[in-house]
Amino acid sequence: KPARSAAKSAQPELEAKAIDLLRAMGGALTTANSMSFTAVTTYESPSSVGPALAYGTTSEVLLQRPDRLRVLTLGDGPASEFSYDGKTITAFAPAENLVAVAPAPPTIDAMLKQAFDNAAIYFPFADIVGSDPFKALTEGLTKAFYIGQSKVVGGTTTEMVAIASDQMFMQIWIGADDKLPRKMRAVFRGDPLRLRHQVELSNWKLDPVIAAEAFAAMNAANAKKIAFAAPKPVPPAKKATKASANAK
């Protein structure tokens, strides 16, 4: 009996209403061949006094399936321009006037994986711009349940859903009428500090008319070219030298 009880408790607990809402959201996102939206992301970072600090970025996202993506990011951190035209990824840092260019695979899904693996580039809305948002969000789930309605997110009525896996816990606010995601809030189990990641999604436009040149690299023609790779940490010796110079 104990063994049978343990096996039963290990089964995923996926509430039908929560899964239906996630499936409807995936359908709303993939029915459109193109879309644009604004993503306001809030990240938490450890502070010297204990509680986490928060900083934010605003990204204007333009997407055309299956192989076009542009993300223009402003906010508390350095600005960046990221573009993908089905053949090439271009990451441009205007403040530093640096640009990295790399050949890219022919789909958004494969391109996002390559950008993360090779250059540690990650977008918190990656799950909803791929070819199958429903699969991306529900694969490996151990729990999914419906929370209720909210009228204070995204200027509309939303349905709140919570999902959990061995890697993360996430709460999602889904538009009651249009089924579009309005807010996503996640904590990753592998993070010992349990820092929260939040993205608010607004200004949705489905199937907008998009100019052919919209996904070409912008403003980067005269920038200094660098390798398309993850940023290298400053060696301890250099950090110490900088600290000594600042002390003087």
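Modeller: A salt bridge is a side-chain nitrogen of Lys or Arg within 4 Å of a carboxyl oxygen of Asp or Glu. This is a predicted model, in which local features need pLDDT of at least 70 and side-chain atom pairs count only at pLDDT 80 or more, while totals for chains, interfaces and linings use all residues. Residues are numbered from 1 along each chain as its sequence is written, and side-chain values use heavy atoms, with hydrogens and water left out.

Colleague: What makes Glu13 and Lys143 a salt bridge?

Modeller: Their closest N and O atoms are 2.6 Å apart, and the cut-off is 4 Å, so the pair qualifies. The two residues belong to distant parts of the chain, with Glu13 in strand S1 (residues 13–14) and Lys143 in strand S8 (residues 141–153), 130 residues apart; strands here are DSSP runs of E with at least two residues, and helices are runs of H or I with at least four, numbered from the N terminus.

Colleague: Why is Glu13 called partly exposed?

Modeller: Buried means under 20% relative accessible area, exposed means over 50%, and partly exposed is in between (1.4 Å probe, protein chains only). Glu13 has 44% relative accessibility, so it counts as partly exposed.

Colleague: How do you know whether Glu44, which meets Arg196 in a salt bridge, is buried or exposed?

Modeller: Glu44 has a relative accessibility of 19%, and therefore counts as buried, whereas its partner Arg196, at 38%, is partly exposed. The N to O distance in this salt bridge is 2.9 Å.

Colleague: Why is the aromatic pair of Tyr43 and Tyr55 called stacked?

Modeller: Rings of Phe, Tyr and Trp (its six-membered ring) pair if their centres lie within 6.5 Å, and planes under 30 degrees apart count as stacked, over 60 as edge-to-face and the rest as tilted. Tyr43 and Tyr55 are 5.3 Å apart centre to centre with 25° between the planes, so they form a stacked pair.

Colleague: What makes Phe123 and Phe125 a stacked pair as well?

Modeller: Their ring centres are 5.4 Å apart and their planes differ by 10°, so both conditions are met. Both residues are buried, and ring pairs link them with Phe37, Phe82 and Trp204 into a cluster.

Colleague: How do you know that Lys17 lies over the face of Tyr146?

Modeller: A charge sits over a ring if NZ of Lys or CZ of Arg is within 6 Å of the ring centre and within 35 degrees of the ring normal. Lys17 lies over the face of Tyr146 at 4.0 Å from the ring centre, so the distance condition is met.
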